[in-house]
Number of protein chains: 2
Amino acid sequence: MYILLTNDDGIHAPGLWALYQSLRREHRVEVVAPESEQSAVGHAISLLNPLRVKKVNKNGSFFGWSVLGTPADCVKIAVAEVLPEKPDIVVSGINLGANVGINVLYSGTVSAATEAAIMGLRSMAVSLCTYREPDFTAAASFAARLAPQLPHLNLPTGVCLNVNIPDLPENQIKGVLLTRQEKGVLMEKYERRIDPRENIYFWLAGLNNHRELEPGTDYWAVHEGYISLTPIHHDLTDYDTLKELNGNKWLEELM
Amino acid sequence: MYILLTNDDGIHAPGLWALYQSLRREHRVEVVAPESEQSAVGHAISLLNPLRVKKVNKNGSFFGWSVLGTPADCVKIAVAEVLPEKPDIVVSGINLGANVGINVLYSGTVSAATEAAIMGLRSMAVSLCTYREPDFTAAASFAARLAPQLPHLNLPTGVCLNVNIPDLPENQIKGVLLTRQEKGVLMEKYERRIDPRENIYFWLAGLNNHRELEPGTDYWAVHEGYISLTPIHHDLTDYDTLKELNGNKWLEELM
């Protein structure tokens with residue numbers, strides 16, 4: 001297969017390198033990734049700034065293209081301008097840190113896969129659930145086994161896979177579960193600090209949460225030691241509420 | 001009501017000012033908005049940079065708070081640090097330009113409303129469907145009529161309203177329609193240019209599309225001259241595909 005590989009941690013991230021090494025054994029892999037770390041950029045695209053694309057070498061030979069932009073930018077420009085032909089699949093990752101629950105909304109890694117799906121391409125986002133010293137071995141090996149299956153999963157156009165891998169040695173991973181996105185809210189707070197010029201500034205802190213996890217969700221699966229696969233789409237419509245609202249008197253008077 | 005007002009075009013944008021003027025007639029309105037334009041930032045939040053919050057005056061008196069961050073950052077920090085109490089509702093806008101179809105994913109305006117919904121607050125995003133010289137009168141007046149209804153629409157927790165208003169004088173707007181998000185793909189291309197130092201750069205161009213619009217969608221509604229109301233949520237799971245995948249042999253063998 002011809003694979004486009006991208007991420008949100010930047011083209012020099014070890015997670016991307018691990019995935020590149022494991023995918024290129026059997027596939028033609030082209031790397032188009034952000035020049036710098038783009039964590040939590042969500043589904044941003046660059047409208048106000050132009051995109052710059054640069055060749056990047058690694059160990060003395062050509063490795064891929066860096067883009068001064070977001071992960072979604074990378075997928076768009078790779079397909080429109082950089083690659084000589086459409087890739088068979090797009091893989092985003094391996095992200096350092098889980099992309100489960102509402103983190104999916106903030107994730108640049110996932111948005112790259114979503115962008116590919118919007119363009120009609122098969123795609124998946126791969127994340128390793130740790131922030132400590134990462135060992136990408138198990139994640140890279142699973143992703144390389146999953147990649148050739150992507151075209152055969154009968155995903156509808158516009159749907160991609162969000163893959164989260166627990167931080168365990170390969171033989172301790174309990175298996176694979178199909179999951180839904182967990183909906184719980186993160187417990188966040190800001191740390192207030194004062195700079196040397198006596199201006200106040202704030203750091204977002206405490207993105208973790210410690211609550212009951214609902215079985216069947218992505219967050220729960222990786223917490224229990226399973227690889228989580230969530231099919232995700234980009235239709236944000238809440239159809240149940242859409243039906244409900246049709247009976248609303250105030251709105252009916254307006255219509 | 002106590003209303004938090006934000007946007008993605010920045011605290012000095014005329015659309016925010018128009019909405020502020022129309023909401024403050026009957027409500028207590030607090031403005032916490034990005035310091036600069038944040039179009040197409042999607043659901044980005046600031047993890048790598050600290051947030052700075054500054055007082056902004058307008059016509060010689062206090063107007064609101066500017067945040068060196070994204071629209072989602074503004075909502076988070078407003079509720080956590082800036083406002084003395086939780087707002088009754090959060091309103092984001094008026095955005096210059098429609099937020100319909102897959103634009104909803106890229107929209108900072110919508111992500112502010114989504115962020116509020118995630119935090120359990122009632123919220124809506126308001127956009128005016130034009131990029132030409134805007135007249136916010138009709139949009140601001142409709143938003144001010146809709147705002148007090150928000151708590152009474154029985155939206156489930158986590159669901160917010162995406163409101164798009166056609167660029168027409170108030171008496172030419174045909175009515176209000178409940179809609180779903182249009183799923184069509186934008187026709188995009190990049191313009192390739194060369195800078196004075198002979199480096200190549202690209203501009204994203206042609207974000208509009210000219211295709212058949214499906215009745216019942218947000219894009220179609222505003223195109224036909226109606227105000228579009230779409231209830232949106234933040235669960236990206238594709239439940240139909242989740243069911244389908246459960247029968248997949250390859251995956252079953254892994255489970």
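Guide: Helices (H or I, at least four residues) and strands (E, at least two) are DSSP runs, numbered from the N terminus. This is a predicted model, in which local features need pLDDT of at least 70, side-chain atom pairs count only at pLDDT 80 or more, and totals for chains, interfaces and linings use all residues. Residues are numbered from 1 along each chain as its sequence is written, chains are lettered from A and ligands numbered from 1 in the order in which they are written, and side-chain values use heavy atoms, with hydrogens and water left out.

Visitor: Where is A:Asp8 found?

Guide: A:Asp8 belongs to the loop between strand S1 (2-6) and helix H1 (14-23) of chain A. A:Asp9 has its place in the loop between S1 and H1 of chain A.

Visitor: Why is A:Asp8 called buried?

Guide: Buried means under 20% relative accessible area (1.4 Å probe, protein chains only). A:Asp8 has a relative accessible area of 3%, and is therefore buried. For A:Asp9 the value is 17%, so A:Asp9 is buried.

Visitor: What makes the approach of A:Asp9 to A:Leu96 a polar contact?

Guide: A polar contact is a pair of N or O atoms within 3.5 Å; within protein, one must be able to donate a hydrogen and the other to accept it, and residues adjacent in sequence count only if both atoms are side-chain atoms. The side chain of A:Asp9 lies 3.0 Å from the backbone nitrogen of A:Leu96. A polar side-chain atom of A:Asp8 lies 3.4 Å from the backbone nitrogen of A:Gly108.

Visitor: Which residues does the UniProt annotation "binding site" cover?

Guide: In the unreviewed UniProt entry, this annotation covers A:Asp8, A:Asp9, A:Ser39 and A:Asn95. They are spread over 88 residues of sequence, yet cluster in space, with a largest C-alpha distance of 9.2 Å. Such annotations may be inferred rather than shown by experiment.

Visitor: How do you know that H4(B) is mostly covered?

Guide: Of its 11 residues, 11 are buried; B:Gly108 and B:Ile118 are among them. At the N-terminal end of H4(B), B:Ser107 acts as a cap, with a side-chain oxygen 3.2 Å from the backbone nitrogen of B:Thr109.

Visitor: What makes a space a cavity, and how many cavities of 30 Å³ or more are there?

Guide: On a 1 Å grid over the protein atoms alone, a cavity is a set of points where a 1.4 Å probe fits but cannot get out; lining residues have an atom within 4 Å of a point. The count is 2 cavities of 30 Å³ or more. The largest cavity holds about 210 Å³, a volume being the space filled by probe spheres set on the points. Its lining has 21 residues, with A:His43, A:Leu105, B:His43, B:Leu105 and B:Leu236 nearest its centre.

How values were computed
1 Å grid on protein atoms, 1.4 Å probe; cavity = no way out; pocket = protein on both sides within 12 Å on 5 of 7 lines; lining within 4 Å. Buried < 20%, exposed > 50% of the residue type's maximum accessible area, 1.4 Å probe, protein only.
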